[in-house]
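Work through the exercises below with the sequence and coordinates open. Try each task before reading its solution.

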Amino acid sequence: MSSQTEILRRTSLHSTHLHHGARIVPFAGWEMPVQYTGIIEEHQAVRSRAGLFDVSHMGEIVVEGPRALPLLRRLVTNDVAQLEVGRGLYTPMCYPNGGIVDDLTIFRVAPARYLLVVNAATTAKDLAWVEDHRGGATVRDISREMALVALQGPAAPRILSALTTAPLNELRAFDAIPKVNIAGRRVFLSRSGYTGEDGFEIGPAWDDAPAIWGALLEAGAADGLVPVGLGARDTLRLEAGFMLYGNDIDETTSPLEAPLGWTVKWEKGDFIGRETLARQREQGPTRKLVGLTVEGRAVARQGYPLRREGRPVGAVTSGTFSPTLQVNIALGYVPRDLAAVGAELEVEVRGHAVPVRVTRLPFYRARK
Amino acid sequence: MYPEHLHYTREHEWARIENGRVRVGITQFAAERLSDVVFIELPAPGSTVKQLQPFGVIESVKAVSDLYAPVSGTVAEVNPVLAERPELINKDPYGDGWMLVVELSNPAELQELMSADEYRRLIGDGEA
């Protein structure tokens, strides 16, 4: 939460959001739209049609030069060496103790140039961490030059195809086109997102975002495209089982405790955190982050204690009512022996024990 | 948006006097701020509530908030529909979205509540 005295930053779409009737809240040092018409309505628009998000608060860092690849191979757990130009990946970036600095996406935008898209709240920390290990690579923070909007939902490809001649149907998930024309503006384009639906992330120059936004809304009007705030972004990502840095993962959790073991590429050689993580893998992590389905209508929120027959075993890290599944869902850390799908636990909601059951992630998967 | 014949609390509940009893709900301002109510926890009929003390909990997708009793007394009725259809609080906060009917124990407490005008001033012009 922000204090009154903190100066909040605004994206180039701020007045556009006000015009749409958005409710603006402080988020990670920014004034951001939490909702326009209502979280559930916006959520359902993305699942059934399409939604447009302003995520310009996210940070963008360019790492380039001949030393860029060795630097990134060492900094993150996933293997950047596998990326061809125009490909991206999702990865945690770890401390030597295996704790997570941030989770991010990395796109190879030129033979020796990579674009890192990082969380808003951690941009400064990430930048300092990358620069500290720079070792001859060039590191540039372009967060103030590049805006970011996400077009998400089953209608996203059709909507975007009206505004570009780019071969969208050739783009697979995590494919990117570093420079492409959309609605007459030069942008970065990737097939990616944080909703569990098909969609694109579009990075125009900072001041071009309103033009891109307007063109997309106009092109998408017939398909029911609507602006979507951070409220629905959170319910969408939680249904899709995506981690939220600061809630589900942070400096005290490891990728192996979170369900991110698939992002740790052991065969690539050394990387920061490897030694600790290898030991954790050998012994098995003592706790695991699991999906939980919550009985009843009360929401199991972040910090609520998890118990097994009354004994404290962990805590909820994220929780919401799922608009798609119409049940309450949550994520939380529990001891390894209670992490199996079907395990029965309780969450303490305002003094009451409410039954929860460990559930396979993701809670929701889009139909192909 | 803020009917003249209701009494209001600073915590955004309304109270309507009905034959010596008081019907209770939350204001349109509160319903809009919360948006998308997904759960409400209300006291059982027969329990007592105390003026400006929490009597229940309301949850939206984003947040959980306490509900404060506008008056002290005994709970005579609880809206039975809200358990299954909490969204009525958003759709019709002064009508189908009512929460409790309270048997007043101290009618003088009504003096402590705000008029519609005072409530509009509290929330700043009445525009949420």
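**Exercise 1. Where in chain A is Pro362(A) found, and what is the peptide bond before it?**

Step 1. Pro362(A) is found in the segment after β20 (352-359) of chain A. Strands here are DSSP E runs of at least two residues, helices are H or I runs of at least four, and both are numbered from the N terminus.
Step 2. The model is predicted: local features need pLDDT of at least 70, side-chain atom pairs count only at pLDDT 80 or more, and totals for chains, interfaces and linings use all residues. Residues are numbered from 1 along each chain as its sequence is written, while chains are lettered from A and ligands numbered from 1 in the order in which they are written.
Step 3. The bond from Leu361(A) to Pro362(A) is cis. Its omega is near -5°.
Step 4. Leu361(A) also lies in the segment after β20 of chain A. It counts as partly exposed because it has 19 C-beta neighbours inside 10 Å. The scale is this: buried means 20 or more other C-beta atoms within 10 Å of the residue's own, exposed means 12 or fewer, and partly exposed lies in between, with C-beta atoms placed from the backbone.
Step 5. Leaving out residues up to four places away in sequence, Leu361(A) touches Gly241(A), Pro259(A) and Gly291(A). Contact means C-beta atoms, placed from the backbone, within 7 Å.
Step 6. Val341(A) is 20 residues from Leu361(A) in sequence. C-alpha to C-alpha, the two are 9.4 Å apart.

**Exercise 2. Find the phi of Phe174(A) and of Gln326(A), then place both residues.**

Step 1. Phe174(A) is not a glycine, yet its phi is positive, near 70°. It sits in the loop between α5 (156-161) and β11 (176-182) of chain A.
Step 2. Gln326(A) is not a glycine either, and its phi is about 60°. Its loop runs between β17 (311-322) and β18 (327-335) of chain A.
Step 3. Now exposure. Phe174(A) has 17 C-beta neighbours inside 10 Å, so it counts as partly exposed. Gln326(A) has 8 inside that distance, so it counts as exposed.

**Exercise 3. Which residues have the most contacts inside the largest nonpolar core?**

Step 1. Define the core: buried Ala, Val, Leu, Ile, Met, Phe, Trp, Tyr and Cys residues joined through C-beta atoms within 7 Å.
Step 2. The largest one has 130 residues. Those with the most contacts inside it are Tyr114(A), Val149(A), Leu151(A) and Ala300(A).
Step 3. Strand β7 (residues 100-110) of chain A gives the most to this core, six residues.
Step 4. Take Tyr114(A). Beyond four places in sequence, its contacts include Val63(A), Leu72(A), Val80(A) and Ile106(A). Glu64(A) and Arg108(A) are also among them.

**Exercise 4. How is chain A divided, and how do domain 1 and domain 2 meet?**

Step 1. Chain A has domain 1 (9-55 + 147-239), domain 2 (57-136 + 254-284) and domain 3 (286-368). The bounds come from an automatic or database domain assignment.
Step 2. Over C-alpha atoms, the centres of domain 1 and domain 2 of chain A are 25 Å apart.
Step 3. In chain A, 15 residues of domain 1 are in contact with 13 residues of domain 2.
Step 4. On the domain 1 side, β3 (30-35), β11 and β12 (185-190) of chain A each give two or more residues. The largest share, three residues, comes from β11(A).
Step 5. This side has 10 nonpolar, four polar and one charged residue. Ala, Val, Leu, Ile, Met, Phe, Trp, Tyr, Cys and Pro count as nonpolar, Asp, Glu, Lys and Arg as charged, and the others, Gly among them, as polar.

**Exercise 5. In what order do the strands β1, β2 and β3 of chain A lie in their open sheet?**

Step 1. The order is β1-β3-β2, with mixed pairing. Strands pair if DSSP finds at least two bridges between them.
Step 2. β1 (9-10) and β2 (23-27) of chain A stand at the edges; each has a single partner strand, so one side of each lacks a neighbour in the sheet.
Step 3. β1(A) and β3(A) are parallel, over two bridges. Arg9(A) has Trp30(A) as its bridge partner in β3(A).

Notes. Contact = placed C-beta atoms within 7 Å.
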